[in-house]
Amino acid sequence: HEAIKDSVDHLLERGTDYASEVRKISPEGVDIVLDCLCGEECNRGYSLLKPMGKYVLYGSSSVVTGETKSILSAARSWWQVDKVSPIKLFDENKSLSGLNLRHLMHQQNSAGYVARIFDTVVALWRDGKVTPVVDSTWAIEDVPEAMQKMHDRKNIGKIIMDPSMEPKPKPATPAKGKAKSIDKDEKKKSEDESNDSPPPSADGKEKEEEKKASS
């Protein structure tokens with residue numbers, strides 16, 4: 001993608017046989033694989049690890065269909081993943097790990113640990129050692145639109161929520177009750193106009209009768 005081509009050495013499309021391309025670039029394998037998809041991508045990622053390599057699963061996008069998680073997609077993803085035994089990891093000198101940030105913070109009482117890591121990342125940013133790519137900035141009131149953009153995978157970089165920003169103006173839509181009252185007023189107005197229209201004149205009526213008689 002144009003937005004990140006200068007930040008990476010090799011950019012491979014997900015829909016292609018990227019595993020073969022990675023092996024051409026690094027025949028011995030890679031040190032780490034970060035996977036946010038799950039499903040069959042797990043097998044490809046694991047196969048690319050070199051000895052002492054680490055595979056990290058930090059998302060399950062392939063399980064999501066539409067706006068919610070699908071039980072069928074989850075079952076298919078589980079079926080597509082090879083079941084790796086501890087003995088296989090031992091023999092191949094590889095590691096498997098996972099990161100679920102929400103569970104880590106809210107279910108496993110590790111919010112303090114996450115805060116320390118976050119402070120470390122912020123320090124790297126302040127020192128100019130890392131430069132995050134920002135896609136767009138949104139007001140708190142626009143969270144649904146921002147989340148929808150991220151869900152549709154239309155963002156390149158981070159989506160930032162700024163409490164100081166004003167929300168985007170929403171298109172004005174009349175309330176249902178108000179719309180009905182407007183329709184009634186317009187109907188009444190048209191009826192009044194038709195009632196106020198003058199009746200046909202006597203001269204006009206006589207001319208019509210003469211025309212019929214002559215024909």
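This section describes the fold composition, salt bridges, selected polar contacts, cysteines and a surface patch of a predicted model.

The secondary structure of the protein chain consists of nine helices and seven strands. Of the 215 residues in the chain, 18% are buried. The accessible surface of the chain amounts to about 17300 Å², and carbon and sulfur atoms account for 57% of this area. Among contacts with a separation of 6 or more, 45% are between residues 24 or more positions apart.

Five salt bridges were counted in the model. One of them pairs Lys50 with Asp31, with the closest N and O atoms 3.6 Å apart. Lys50 belongs to strand E2 (residues 49–57) and Asp31 to strand E1 (residues 30–35), so this salt bridge ties together parts separated by 19 residues in sequence. Lys50 is classed as buried because its relative accessibility is 19%, the limit for this class being under 20%.

Another salt bridge is formed by the side chains of Glu92 and Lys94, at an N to O distance of 3.8 Å. The two partners fall into separate classes of accessibility: Glu92 is partly exposed, at 29% relative accessible area, whereas Lys94 is buried, at 14%.

A salt bridge also joins the side chains of Lys149 and Asp135, with an N to O distance of 2.7 Å. This pair links distant parts of the chain, as Lys149 is in helix H7 and Asp135 is in strand E6, 14 residues apart. Lys149 has a relative accessibility of 23% and is therefore partly exposed. Asp135 is likewise partly exposed, with a value of 24%. Elsewhere in the chain, Glu28, Asp31 and Lys50 are joined into one network by salt bridges that share partners.

Strand E6 also contains Ser136, a residue that is buried with a relative accessible area of 15%. The side chain of Ser136 takes part in polar contacts with two side chains, that of Asp135 at 2.9 Å and that of Trp138 at 2.7 Å. Beyond its neighbours within four places in sequence, Ser136 is in contact with Lys149, Lys158, Ile159 and Ile160. Lys149 is thus a contact of Ser136 as well as the salt-bridge partner of Asp135.

Asp17 is located in the segment before helix H1 (18–25). With a relative accessibility of 48%, Asp17 is partly exposed. A polar contact of 2.5 Å connects the side chain of Asp17 to the side chain of Ser20. The C-alpha atoms of Asp17 and Arg44 are 9.8 Å apart in space, while the two residues are 27 residues apart in sequence.

A nonpolar patch on the surface is formed by Ile140, Val143, Met147, Met150 and Met161, which together have about 400 Å² of accessible area. Helix H7 (residues 143–151) makes the largest contribution to the patch, with three residues. Ile140 is placed in the loop between strand E6 (134–138) and helix H7. The relative accessibility of Ile140 is 43%, so this residue is partly exposed.

With respect to cysteines, Cys36 is partly exposed at 29% relative accessibility, and Cys42 is buried at 8%. The number of disulfides in the model is zero.

Terms used:
Residues numbered from 1 in each chain as written. Predicted model: local features only at pLDDT ≥ 70, side-chain atom pairs only at ≥ 80, totals over all residues. Heavy atoms only, no water. Disulfide = S-S within 2.5 Å. Buried < 20%, exposed > 50% of the residue type's maximum accessible area, 1.4 Å probe, protein only. Patch = residues over 30% accessible without salt bridge, like charges linked within 9 Å, V, L, I, M, F, W, Y side chains within 5 Å. Areas by Shrake-Rupley, 256 points an atom, 1.4 Å probe, with all protein chains shown as cover. Salt bridge = Lys/Arg side-chain N within 4 Å of Asp/Glu carboxyl O. Helix = DSSP H or I, 4+ residues; strand = E, 2+ residues; numbered from the N terminus. Contact = heavy atoms within 4.5 Å. Polar contact = N/O pair within 3.5 Å; in protein donor to acceptor, adjacent residues only side chain to side chain.
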